[in-house]
Amino acid sequence: MDDEQRAHRSLWTVTAPPRDFPALPGDVTVDVAIIGGGMAGLTTAWLLKRAGKRVVVLDMHRILSGQTGQTTAHLTEVLDTPYATLRRDFGEKGAQLAASSSRAAIEQIAARVDELGIDCDFQRVPMYRYAETERELAELHHEVTAAREAGLLATFTQDVPLPYPVKGALRVEDQALFHPRKYLLALADRIPGDGSHIFENTRVTEVHDGAPCRVVTDRGTVTAAAVVEATTTPLNRVAMHTKLYPYRTYVVAGPLNGPLEPGQYCDSQEPYHYIRTQQVNGRTYVIVGGEDHKVGTDEDTARRYAALEAYTLRRFPVTDITHRWSGQVIEPADGLAYIGRNTASRHVYVATGFSGTGMTFGTLAGMILSDAILDRQNPFAALYSATRVKPQAGAKDFIQENAEVAFRFVADRLSRPNEHRLADVAPGEGKVLEVAGQKVAVYRAEDGITHAVSPVCTHLGCHVHWNGAERSWDCPCHGGRFSPTGKVLNGPAVKDLPAKKLPT
Ligand SMILES: Cc1cc2nc3c(=O)[nH]c(=O)nc-3n(C[C@H](O)[C@H](O)[C@H](O)COP(=O)(O)OP(=O)(O)OC[C@H]3O[C@@H](n4cnc5c(N)ncnc54)[C@H](O)[C@@H]3O)c2cc1C
Ligand code: FES
């Protein structure tokens, strides 16, 4: 296990080897600079390159090492926000557009798979959202109606091909599964050339809107007519961050010893479990996700994996959990992704707030943003506008989530860490300690050497918390994450945690 890397690697990462792209060699000029090599960034880059633009993709780590590498890749029109809620908050037309845009994203992926002959296990399957209690069942019936009215091929069924009893399910036809890395590596392979590039290990530190825009990195400056921030959560935007709530979510997988019909399944618990199948070397695996919690609010994250493993072993014919991984989903304040021109910007675009359906929203971001940059109409652009204001939708969550951020900002500064001494930090563990009257985030590596950094997040100053299972310092305010020695793992932070000296 590498202390500086994410501790757990997804099934996608270990079954599709990375490509090597160089770091930015110096200053470069292109038509469009795209920050982030995940689903949103690579789709945008590929569509723009195909339309004749010179693009550059910049990633601070390796491409596909963000949330796209950690996903479970259900391609579905069933969004995290129920259609009944979307109809209330965005109107009947809005709910219908949310459905048809998700369908368009699935078909966009299917068309690319066909056109480019991508071998990525793309498969059409039904999706089941099932109920296990009478209360869940009543809500499910309501949602079947709303989903049908929005245009989904949705029915209620009691015939659910799971190895445990359920009371009934919403079944939606013609959803899909695929291997996200295989798909996106095939797009990435086609981006460099004819004035376009992918640069890895290149961290963007500043974005300046203008004509042209300037993107400052730790290795040089990119000049471009337009910039896309496809970074899961946008860089250093205070206003935008009040509308984005970061959650961690966990996944386990293992080979099945009995049959399970290929498909997508999820329960109706809060937070819900999401389940799919995947072929690996001729064996069918079950992949189960869930146990979501607000980033940086649970230090003992190993218990999240333990709970998910117990759930999986109890319900499926599995004896061996072979893969474990986790990642972050960004919940939007009003229930839909934010895709479009950034507030007060002329040429800078954002794509964020994808919830647990960022495979489709990331693809849609590529479609909407490439159309915007190419000056083409897009039927879904207005619905997902990043500057929209929906004061009623999600107002309760908005107040609660932002009150929590304000609370964290103050409380973590005033609180005194537990009475731990340096000697109490075990190998592989991190703790925030008070040393000579100052708070210090201390990590002890397996070799016994201690590393001390400031616990003050370099984004907006909240205090980071230890994440035991992933060995990282996580910020509860906007989801920034840092390695044990303080290197940025996840934005919106762009600067490392400063090193601190410990008394000898
Ligand atoms: C466990 C899990 C399960 C999920 N399951 C599903 C699912 O079943 N279906 C579904 O549709 N969605 C799912 N999602 C959501 C989906 O995976 C994400 O929404 C989507 O992958 C986000 O893609 P992205 O391109 O926006 O971001 P990312 O893939 O995170 O890419 C952003 C990139 O930006 C780079 N970056 C960030 N800051 C900088 C900077 N300053 N400079 C340079 N580079 C930078 C990062 O290194 C990263 O590579 C799941 C997510 C998780 C974590
Ligand atoms: S991520 Fe915003 S303060 Fe830490």
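Arg303 has a relative accessible area of 46%, so this residue is partly exposed. The model here is a predicted one. The side chain of Arg303 meets that of Asp298 in a salt bridge, with 2.9 Å from N to O. Asp298 has a relative accessible area of 9% and is therefore buried. The bridge thus joins a partly exposed arginine to a buried aspartate.

That pair is part of a wider set. The whole structure holds 29 salt bridges. Another joins Glu115 and Arg50, at 3.6 Å from N to O. This pair links distant parts of the chain. Glu115 sits in helix α3, Arg50 sits in helix α2 (residues 39-50), and 65 residues separate them. Glu115 is partly exposed because its relative accessibility is 44%. Arg50 is also partly exposed, with a relative accessible area of 49%.

Arg88 and Asp89 give a further case. Their side chains meet in a salt bridge of 2.9 Å, N to O. Arg88 reaches 62% relative accessibility, so Arg88 counts as exposed. Asp89 has a relative accessible area of 16%, under the 20% limit, and so counts as buried. Elsewhere, salt bridges connect several residues into a network: Glu77, Arg103, Glu107, Arg124 and Asp174.

Now turn to helix α4. The helix runs over residues 134-150, which makes 17 residues. At 1.5 Å a residue, α4 should span 24 Å. The C-alpha atoms at its ends are 25 Å apart, so expectation and model agree. Glu134 belongs to this helix. With 55% relative accessibility, Glu134 counts as exposed because the cut-off is over 50%. Between Glu134 and Ser10 lie 35 Å in space, C-alpha to C-alpha, and the two are 124 residues apart in sequence.

Other parts of α4 are covered. Its buried residues are Glu136, Leu137, Leu140, Glu143, Val144, Ala146, Ala147 and Ala150. What covers them? The cover includes helix α3 (83-116) and the strands β4 (123-131), β5 (154-157) and β6 (168-177). After α4 comes Gly151, with a positive phi near 115 degrees.

Next, follow Arg248 in strand β11 (residues 244-255). Arg248 is buried, yet has no salt bridge. Why not? The nearest side chain of opposite charge, Asp474, is 4.4 Å away, and a salt bridge needs nitrogen and carboxyl oxygen within 4 Å, so Asp474 does not qualify. Arg248 does have a polar partner. A polar contact of 2.6 Å joins its side chain to that of Gln328. Arg248 also touches residues more than four places away in sequence, among them Glu291, Asp292, His293, Ser326 and Asn467. Asp474 and Arg481 are on that list too.

Those last two contacts lead to a sheet. Asp474 stands opposite Arg481 in β23. Strand β22 (residues 472-474) and strand β23 (residues 481-482) pair in the antiparallel sense, over two bridges. They belong to an open sheet of four strands, in the order β21-β22-β23-β24, with antiparallel pairing. The edge strands are β21 (465-467) and β24 (488-490), and each pairs on one side only. Strands of a sheet pair through backbone hydrogen bonds. Arg248 of β11 thus touches both Asp474 and Arg481, the residues that face each other across β22 and β23.

Key: Residues are numbered from 1 along each chain as its sequence is written. Chains are lettered from A and ligands numbered from 1 in the order in which they are written. This is a predicted model: local features need pLDDT of at least 70, side-chain atom pairs count only at pLDDT 80 or more; totals for chains, interfaces and linings use all residues. Side-chain values use heavy atoms; hydrogens and water are left out. The expected span of a helix is 1.5 Å times one less than its number of residues. Buried means under 20% relative accessible area, exposed over 50%, partly exposed in between (1.4 Å probe, protein chains only). Contact means heavy atoms within 4.5 Å. Lys and Arg count as positive and Asp and Glu as negative; His and the chain ends are not counted. A polar contact is a pair of N or O atoms within 3.5 Å; within protein, one must be able to donate a hydrogen and the other to accept it, and residues adjacent in sequence count only if both atoms are side-chain atoms. Two strands pair if DSSP finds at least two bridges between them.
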